[in-house]
Structure formats: structure tokens, C-alpha cells
Amino acid sequence: MQSLWHAQTASQFTTPLELRVYTSRLLGQEPALVLHGGGNTSVKTQVNNLFGEPEDILFVKGSGWDLETIEAAGFAPVKMHVLLKMAQLTELSDSDMVKYQRAAMIDPNAPNPSVEAILHAIIPFAFVDHTHTDAVVTLTNTSNAESFIEQVYGKRVLVIPYVMPGFALAKRVYKMTQDIDWQSIEGLVLMNHGLFTFSDDAKTAYENTIKLVTEAEKFIEANLCINAEEREEADEKSLEYLDENINIDLLELAKIRKLVSAQKGYAQVALLNSSKGSCHIASHPELKSIANRGPLTPDHVIRTKRVPAILSDNIEAELCGYAQDYIEYFDRYQSGQTILNYAPSFAIWQGKAAISFGKTVNQALIIEDITSHTFDAILTAEALGGYQALSPADIFAVEYWELEQAKLKKGPFSHDKPLLGKVAMVTTAATQVGQAVVAHMEILGANVVELGEHLEFDTLDKCQEAAETAIIDYGGLDIVICLGDDPSNLMLLKACEAFLEHGINPRVLCVNHGSLPVMSDNIIEVLHLNCSASPTLVSLNGSTSLVQKTNGEHLETGVFNLLSAITMMLSNEYVPHEEGVSV
Ligand SMILES: [Zn+2]
């Protein structure tokens, strides 16, 4: 791994916090170090308070910020003496930790400090860098973890056995480092979790991470040659898949998406993960065993769940089995919590590829990123003697940890977007009315496949391709809106019909059509809308406005009525937000 430190760029930054922002972003740019909000960094510095007295302050990454894009405002300033005193407590509840850390902040508007703030405080260096680096967690998730870490680093790092993040981890490190000579070590390796490096200098702290990670990467490379042949075979297979989409039954994919959405209780997108690792693991002879051992680091669990659903020939039964296993897992480890949704966050489709689910494409892509790194790590760990993740009990503790769940509370909510997770196709989307409809569908939360003009679906092949695009891009198709009467609409609907049958509450909306198309399956509801807005644009008085020809007269109208009607007709699950007045 290369250091991204650039002396000239770095020279623009003079304060410790500016340098902290700079190297945090360098760490955040490297997905093999941190992914989607993972990892955290800090800097200790002095700040003059209101009375002109200098105070020691820890600026630590605030929750809700990503290292890749963090700014100075993303760091929570917490009084060091409070954090150091907290480290000496024998017990501290999560709610007290959050409450007293907030109370010790010198800016009440700053975000909540990272759950690792106390740990950052007890490391006696100005700059502390914490990552969940692939190479180190891969080595620590093997059956020979201790021996590998010893072979790579010798006594240059302090190895911390796995402890739940937060106060328990800070306390463990506090105890283990009471008599340590900090100058004699270059970092902390947290088993099944990640790496800490530190220095009074921003560059050294950052480059120590790069150095230690590079050493782990080299060790892995040197010890991996055993399965070179198998890897090559998998690479070839995934390339074939990428080129031709071989063996991917798109109807089956739409069916999987529908079943998972039903299990979740709301519409999901289903993205095929075509990374090499995904294709390799899906065809792995030991798939069921290696894919069911658990995540790479515990904080992935809030997004991916502990294990994927494995789908092969009886998808409905396999998804039911997944839910049953999840309920059993919950019952075994719960201590009064409320069960989370038992539908999978990702699936491995045996012999094909992994599928990531999400309420939005973005959510599914985050799961795809995390699982792609996990697949590579599993395959590497297998080649190094065996992938061994944390126990289900440890994963459960993090999955149901209120401080982890709090991270997910901000997501998009269905009541604001009744079509969230749904997939809609809009014809003649290039017209002004078409664009208004597309924008409106997106506001309602739908993922939209836009067919610009009739030329894009005037042959059966083009129609078929358009329908398949919806499945490849989003995993399914639920709504087709045909704007304007055109014979090619019928051909398009024929091509979409089979996919719509596997859609969620599937509907075809024909705006201003002479007659309605007949669908062979009556689960596809065909709706007719006569509306004063049509895709035909007429230039009136030099400016383009939306008009409709009625009885030979031009009537000026807006698209407002059309959009309101679309909202009412397509969002039957739409329940307006209750607006009340509380006194
Ligand atoms: Zn961490």
C-alpha cells in the first residue's frame, strides 16, 4: 500500500486539526483501510477557553462522518481530563458514556464523539489513527491468527484480544498498557477488529498505518501461492460472467427480489454483485460452510447481518429457513431486546453471484462494497489455513448494541417516499412532461428507467433490452408509465410483462391512451389516466408551456394535475404524515 502523503499539499495545513482532517481523508480514500463510516481518528491539542485558560482537548471523529469526506466540523472536541477519568472507572454504561462525553464537549453543536473516544484519549500521542484494514483483519480472522501477527510484527505491536468496542475495549487497553513503554511499539492490533497507530506527528501516525498494513499484505502474498490455480480459474469465470451475464436468469432474480421484499415488509432493490470475489465464493465447493462463519469485523453486522441467505434451487424455502435461523439466533442471545427484521441484507446465489439488497441503491451498494471486501478476505483466509470469524454471541452483542443501531436511524423513511425501493419505467421521458414525471417519481422514492423516445423501443429487441435493463440495474420492475398513445407501447408492455408479474404490486399506467392494453396476468393492474397534460409540447407566445388540444382549442395547463394523479394512483400504500399540533 502506498502512502498518499503529499508534502506540498500538507504544507498548506498549519494547525493540528487541519493536519488531522488531511490525513483522515488520506485514510478514508483507501477502501482497503476503511469502508463507509468505519475507522476513526483523533488529535490532542490545547484550546483557550472563554477565560483565556488553555485546556487539553481531544478532537475525535464524530458519529455520522466519513473519514473520506470529513471536515473540521466533523470532529467532536472533548475535554481530555474527563475522558482520562472515565478510563479509570470500573464500570460505565453506554448511556452514561454518551451522556458524560457530550457534557464534556466544549462545543454543544458538535456531533457525538466516536464510541472509541476514551481509547483515543488514553493513547499518549497527539495523532491517533484507527482503521479496520483488510489485511490485518484478514490475518486475525484465521485459525493461526496469533502466530501470523507475531510472524509479521514480532514485538513491534501490542496485540489486544477481541473485546466489544466502546468502554470495554478502552478499559482493556487501559489495563494492558499501564506498564508499557509506548515508544517501543508502533501500533495496536485489535484481534478481529483493526489497527491503531499513533505519533505526535500527523505524517508518522498515518504512514505507520501504511507501513504496518503493507507488511501484512506482503506476508499474505508470500503465503498465498498454494491456491493460485483455483484463483485463476475463478478470475476467468468472473470475466466471462461480466462479459456475457452467463447463467443469470433475470426472471429468477426478479422473483428473489420480490420474495425478499415481502420478507422485509417493504420494496427492496436487488443488485447483482459481479466482483471476482462474489463469483468465486458463489461457486466455492465449501460455500455453505465458509459463507456462514460471520463478518470480517463486528461493525459490518449492522449493515450486512451476521450471515447471508444462501439460495440455490428452492428459493422460497431457503428464505424461510433464513428467517427461522435468524429468529433462533435472536432467541439464543437476546436479553430483552426487540428483534430486528429477519430478512437477509445480502444473499449468495449458488453458482452465480452475490446479491445485495437495500431500500435504496445506495444502501445496497454499501452492502456490496462491504461484502466484496469480505469475500476477498474469506478466500485469502481460507488459503491461509481457514477463515474463522468471531462467535455468534460476540456478533450479536454488536448487532444489538444501541450505539451501533443509533448509526442507522438516519436512513430514508418510507412515509416520506411511498415508492421507495420500487422500480418504474417511464416512456418518452425525454419530453418536458416526461422529465417532470421522472423527477416526480424520484421524489416519491422510485428508481426510474427512462426511455427517452419511441425510437428506443420500436423493435421487440429494444423492448426486451429495456425490460432487462430494469432487472440488471435494480433487480425488478414494478411500474410502467406509458406517456402518450403509441403502438410501440404494446410491444414494450409485452416485453415487460413477465418481469412485471414478479414485480411488487405491479401496475401499468397509460396516460391519454385511446384503448388500454390487455395483460395476460391479472395481477398486473392496468390504470388509465386522461389528463390535461400530454407529452406534446406546443410553443405558446414564444415560451414553451404544457398544453393539451381539447375540442380544437388550446388549453394552457400544467403538469401539476398529472403528477398529483400519479401520486394518488401509484401510491395506494401512501399514508400522509399525520400533522398535529402539540401544546
Ligand atoms: Zn473500530
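**Figure 1. Overview of the protein chain.** The secondary structure of the protein chain comprises 22 helices and 19 strands. The model shown here and in the following views is predicted. Of the 583 residues in the chain, 43% are buried. Among contacts with a separation of 6 or more, 70% join residues that lie 24 or more positions apart.

**Figure 2. The open sheet of seven strands.** The strands of this sheet follow the order β3-β2-β1-β4-β7-β6-β5, and their pairing is mixed. The edges are formed by β3 (residues 75-79) and β5 (residues 157-160); each has a single partner strand, so one side of each is left without a neighbour in the sheet. On average, neighbouring strands of the sheet are turned by 20° against each other, direction ignored.

**Figure 3. The edge strand β3 and its partner β2.** Strand β2 (residues 54-61) pairs with β3 in the antiparallel sense, and five bridges join the two. Within this pairing, V60 stands opposite A76 of β3. Which strand has four of its five residues buried? This is β3, and it is therefore largely enclosed by the rest of the structure. The strand thus described is also one that stands at an edge of the sheet.

**Figure 4. Strands β4 and β7, with helix α9 packed on the sheet.** Strand β4 covers residues 127-131 and strand β7 covers residues 194-199. The two strands pair in the antiparallel sense over five bridges. One residue pair can be followed in this view: F127 has S199 in β7 as its bridge partner. Helix α9 (residues 202-223) packs on the sheet and touches β4, β6 (residues 187-190) and β7. The direction of α9 makes an angle of about 145° with that of β7.

**Figure 5. The contact of helix α2 with helix α9.** Helix α2 spans residues 16-28, and its axis comes within 10 Å of the axis of α9. How are the two helices oriented with respect to each other? Their axes cross at roughly 15°. Since angles under 35 degrees count as roughly parallel, α2 is therefore described as roughly parallel to α9. The crossing of the two helices is right-handed. On the α2 side, the contact involves L19, R20, T23, L26 and L27; these residues meet A202, Y206 and T209 of α9. Sorted by class, the residues of this contact are five nonpolar, two polar and one charged.

Definitions and conventions. Residues are numbered from 1 along each chain as its sequence is written. This is a predicted model: local features need pLDDT of at least 70, side-chain atom pairs count only at pLDDT 80 or more; totals for chains, interfaces and linings use all residues. Two strands pair if DSSP finds at least two bridges between them. Axes are lines fitted to C-alpha atoms, for helices over the stretch in contact, and angles run from 0 to 180 degrees between N-to-C directions. Two residues are in contact if their C-beta atoms, placed from the backbone, lie within 7 Å. A residue is buried if 20 or more other C-beta atoms lie within 10 Å of its own, exposed if 12 or fewer, and partly exposed in between; C-beta atoms are placed from the backbone. Angles under 35 degrees count as roughly parallel, over 145 as roughly antiparallel, 65 to 115 as roughly perpendicular and the rest as oblique. A crossing is left-handed if the near helix is turned anticlockwise from the far one by less than a right angle, and right-handed if clockwise. Ala, Val, Leu, Ile, Met, Phe, Trp, Tyr, Cys and Pro count as nonpolar, Asp, Glu, Lys and Arg as charged, and the others, Gly among them, as polar.
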